[in-house]
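Work through the exercises below with the model open beside you. Try each task before you read its solution.

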Amino acid sequence: MSKAIRIHATGGPEQMVWEAVDPGAPGPGEALVRHEAVGLNFIDVYHRTGLYPLPELPAVLGLEAAGEIEALADDLTGMDLAVGDRVAYAGAPAGSYSQRRRIPAHRLVKLPDTIDSQRAAAMMLKGMTARYLLHGCYPVSTGDTILIHAAAGGVGTMVCQWARHLGATVIGTVGSAEKAELAAAAGCHHPINYADEDFTRRVMEITDGRGANVVYDSVGKATFDGSLACLRPLGNLVSFGQSSGSVPPVDLGRLGAQGSVFLTGPYMLTYSADRADLLA
């Protein structure tokens, strides 16, 4: 029997239990995937604690993995998938902390031979997040200045590399000198150690008082006010996480007072809901 890590109640890490879970045969529109590698992401913590509620309990955690298709439902037509294909996925429904699982087949992406399963499982969710941040929430281009919080993290290092490649000036916040070095190695022009410096003041110094075109904030409560203050008029604040806690209700008048700025709270699954968008 296959095993999986499930939670029967929300809470701390002690709620995770390694137990037998039979995935069953694939139902309509589903595939049965045998995992070779599983990705870990901060959203898994949100699900475990109940900050982002799962549809029901008990539940298998995890949104990202790579492996091989073992079985496909009979009703799948017009989809370039076959038993034995190496595939990866990222996104709902949860269930990747498992040896085998059923998943809607339209969420699967075939892997080229040049990408192994461990790399695929580590990059899908973070890479797709970086893409919608840079090309969906705001079209970063040459001459833009961006601020990315947690610049030494998984999403952060991808955003630093990608935004620099697009010609942007990249400012990033980190929590230590070691992380500043990681961010710089990934392409961040101006790492800011928030343990030593006020990031809002430093951003305004770097930009000669103009502020950033876009701020990508996955920290939430602890950084929201400072992020808003970093924006130039008509700038964009992208709040895509809350590792420090939920952002309190916002008076929309603050957006106008800051310079008619824009605020969005994106979700990766919205940007990849259609299979064509997912494959892109």
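## Exercise 1: A salt bridge within one helix

Glu 205 and Arg 202 sit three residues apart in helix H5 (residues 199–206), so about one helical turn separates them. Helices (H or I, at least four residues) and strands (E, at least two) are DSSP runs, numbered from the N terminus. The model is predicted: local features need pLDDT of at least 70, side-chain atom pairs count only at pLDDT 80 or more, and totals for chains, interfaces and linings use all residues. Residues are numbered from 1 along each chain as its sequence is written, and side-chain values use heavy atoms, with hydrogens and water left out.

**Task.** Find what joins the side chains of Glu 205 and Arg 202, and classify Glu 205 as buried or exposed, or in between.

**Solution.**
- Step 1. Check the side chains. Glu 205 and Arg 202 meet in a salt bridge, 3.3 Å from N to O. The term requires a side-chain nitrogen of Lys or Arg within 4 Å of a carboxyl oxygen of Asp or Glu.
- Step 2. Check accessibility. Buried means under 20% relative accessible area, exposed over 50%, partly exposed in between (1.4 Å probe, protein chains only).
- Step 3. Apply the cut-offs. Glu 205 has 40% relative accessibility, so it counts as partly exposed. Arg 202, at 25%, is also partly exposed.

## Exercise 2: Salt bridges across the chain

**Task.** State how many salt bridges a search of the whole structure finds. Then locate the partners of Lys 110 and Arg 254.

**Solution.**
- Step 1. Take the total. The search gives 13 salt bridges.
- Step 2. Start at Lys 110. Its side chain meets that of Asp 85 at 3.9 Å, N to O. The pair links distant parts of the chain, 25 residues apart: Lys 110 is in strand S8 (residues 109–110), and Asp 85 is in the loop between strand S5 (64–72) and strand S6 (86–90).
- Step 3. Compare burial. Lys 110 is partly exposed at 37%, whereas Asp 85 is buried at 16%.
- Step 4. Move to Arg 254. Its salt bridge with Asp 225 spans 3.0 Å, N to O. Here helix H7 (residues 253–257) holds Arg 254 and helix H6 (residues 224–229) holds Asp 225, with their positions 29 residues apart. Arg 254 is partly exposed, at 33% relative accessibility.
- Step 5. Look for shared partners. Arg 34, Glu 36, Glu 68, Glu 70 and Arg 100 are joined into one network by salt bridges.

## Exercise 3: A buried glutamate

**Task.** Which side chain makes a polar contact with the side chain of Glu 19?

**Solution.**
- Step 1. Place the residue. Glu 19 belongs to strand S2 (residues 16–20).
- Step 2. Read its accessibility. The value is 17%, so Glu 19 counts as buried.
- Step 3. Find the partner. The side chain of Arg 6 makes the polar contact, at 2.6 Å. Such a contact is a pair of N or O atoms within 3.5 Å; within protein, one must be able to donate a hydrogen and the other to accept it, and residues adjacent in sequence count only if both atoms are side-chain atoms.
- Step 4. List the neighbours. Leaving out residues up to four places away in sequence, Glu 19 touches Ser 2, Lys 3, Ala 4, Arg 6 and His 8. Contact means heavy atoms within 4.5 Å.

## Exercise 4: Aromatic rings

**Task.** Classify the ring pairs Phe 42 with Tyr 46 and Tyr 46 with Tyr 52.

**Solution.**
- Step 1. Set the rule. Rings of Phe, Tyr and Trp (its six-membered ring) pair if their centres lie within 6.5 Å; planes under 30 degrees apart count as stacked, over 60 as edge-to-face and the rest as tilted.
- Step 2. Count. The whole structure has three aromatic pairs.
- Step 3. Take Phe 42 and Tyr 46. Their centres are 5.3 Å apart and their planes at 70°, an edge-to-face pair. Both lie in helix H1 (residues 42–49), four residues apart, so about one helical turn separates them. Phe 42 is partly exposed at 47%, while Tyr 46 is buried at 8%.
- Step 4. Take Tyr 46 and Tyr 52. With centres 4.7 Å apart and planes at 55°, this pair is tilted. Tyr 52 is partly exposed at 25%.
- Step 5. Join them. Phe 42, Tyr 46 and Tyr 52 form one aromatic cluster.
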